[in-house]
Amino acid sequence: MTPTGTVLDDIIAGVREDLEPRRAATPATELEQLARDAAPARDARAALRGDGTTMGLIAEVKRASPSKGALAEIPAPADLAAIYADSGASAISVLTEPRRFRGSLEDLDAVRARVDVPVLRKDFIVDPYQVLEARAHGADLVLLIVAALEDSLLRDLAELTAELGMQALIEAHTADELDRALALDADLLGVNARDLKTLDVHPDRAGDLLRRIPAGPLAIGESAVASVQDVEAYAAAGADAVLVGEALVTAGDPAAAVTAFRQVARRGRTAPEGARA
């Protein structure tokens, strides 16, 4: 991919390149057997729903990002994940993309071995092989980014995720992408305030999109969370949970931050007139 592509294009090109050595080392047939032999996946939706009174929280192990560069060293991701879980996080997100986020599947293994809450493999998934990897390495949940996938592949990946017993967090950042996500009848819908093609952040647009989500699926607000007030803004827009990385890994006291974010009251939402059920 040349530098003339979008940020998302460049990331996906790197993801595809990095995938090939792993595919060569572990053929898909062998990986599929490992995935199907893995312990049953945990119910991420139930964990994020909780008792329905306060916001769910996916707390992220995140060393770096394309927009901010290096954030935190995190030499022991399992230790940080344990702090998150012990402080009340509903689920743990682990970045596994190495180039822009400095993550790895080894991080996922370490976190999975340490915590009992659901674990999300957060990456730019563009191939069924990556879904098999996620399950083989113990993930309960995978991120599927609408902007990165054609509809047919998006549906295939969502179906494979369900077949393996995991759940998919379907992420949108525009109205068109949200319509595409809603067409899948997904249980978990993420609205990202960050445009992955430009890295610009649009919290108001994210709020508008959250308000369009019907009452059935769980809605997760992603990006642009730096404070309790930001979590409250997502709650006011109808989010059931938030995914937070940077604010936690840069916090002097991540346990206190997790506790504070989890105490924000959930507002709920009703299906807007004309919304797709």
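Is Ala224 buried, partly exposed or exposed, and what is its relative accessible area? In this predicted model, Ala224 has a relative accessible area of 35%, and because the partly exposed class lies between 20% and 50%, the residue is counted as partly exposed. Ala224 is located in the loop that runs between β9 (218-222) and α10 (228-236), and its phi is near 65°, a positive value in a residue that is not glycine.

A positive phi is likewise found at Arg102, which is not a glycine and for which the angle is about 60°. Arg102 belongs to the loop between β4 (91-95) and α5 (105-114), and with a relative accessibility of 32% it counts as partly exposed.

Arg102 is also one of the residues that line the largest cavity, together with Val61, Lys62, Arg63, Ile74, Val94, Leu95, Phe101, Gly103 and Asp107. The volume of this cavity is about 30 Å³, and the structure holds 1 cavity of 30 Å³ or more. When the lining is divided by class, 5 of its residues are nonpolar, 1 is polar and 4 are charged.

With regard to the overall fold, the protein chain comprises 12 helices and 10 strands. Its radius of gyration is 17 Å, which is close to the 19 Å given by the globule rule for 277 residues, so the chain is as compact as a globular protein of that length. The C-alpha trace spans about 50 × 40 × 40 Å along its principal axes. Of the 277 residues of the chain, 53% count as buried, and among the contacts between residues at least 6 apart in sequence, 70% join residues that are at least 24 apart.

The interior was examined next through its nonpolar residues. The largest nonpolar core contains 95 residues, of which Tyr84, Ile92, Leu144, Leu169, Ile170 and Tyr234 touch the most other members. The element that gives the most to this core is helix α1 (residues 7-25), with 6 residues. The surroundings of Ile92 can be described in further detail: when its neighbours within four places in sequence are left aside, Ile92 is in contact with Ile58, Ala59, Val61, Ala81, Tyr84, Ala85, Val111, Val115, Val117, Pro118, Val119 and Leu120. Among these contacts of Ile92 is Tyr84, which is itself listed with Ile92 among the core residues that touch the most other members. Val61, another contact of Ile92, also appears in the lining of the largest cavity.

Definitions and conventions: Residues are numbered from 1 along each chain as its sequence is written. This is a predicted model: local features need pLDDT of at least 70, side-chain atom pairs count only at pLDDT 80 or more; totals for chains, interfaces and linings use all residues. Side-chain values use heavy atoms; hydrogens and water are left out. On a 1 Å grid over the protein atoms alone, a cavity is a set of points where a 1.4 Å probe fits but cannot get out, and a pocket is an open set with protein on both sides within 12 Å along at least five of seven lines; lining residues have an atom within 4 Å of a point. Grid points are joined across faces, edges and corners, and a volume is the space filled by probe spheres set on the points. Ala, Val, Leu, Ile, Met, Phe, Trp, Tyr, Cys and Pro count as nonpolar, Asp, Glu, Lys and Arg as charged, and the others, Gly among them, as polar. A nonpolar core is a set of buried Ala, Val, Leu, Ile, Met, Phe, Trp, Tyr and Cys residues joined through side-chain atoms within 4.5 Å. Buried means under 20% relative accessible area, exposed over 50%, partly exposed in between (1.4 Å probe, protein chains only). Helices (H or I, at least four residues) and strands (E, at least two) are DSSP runs, numbered from the N terminus. Contact means heavy atoms within 4.5 Å. The radius of gyration is taken over C-alpha atoms; the globule rule is 2.2 Å times the number of residues to the power 0.38.
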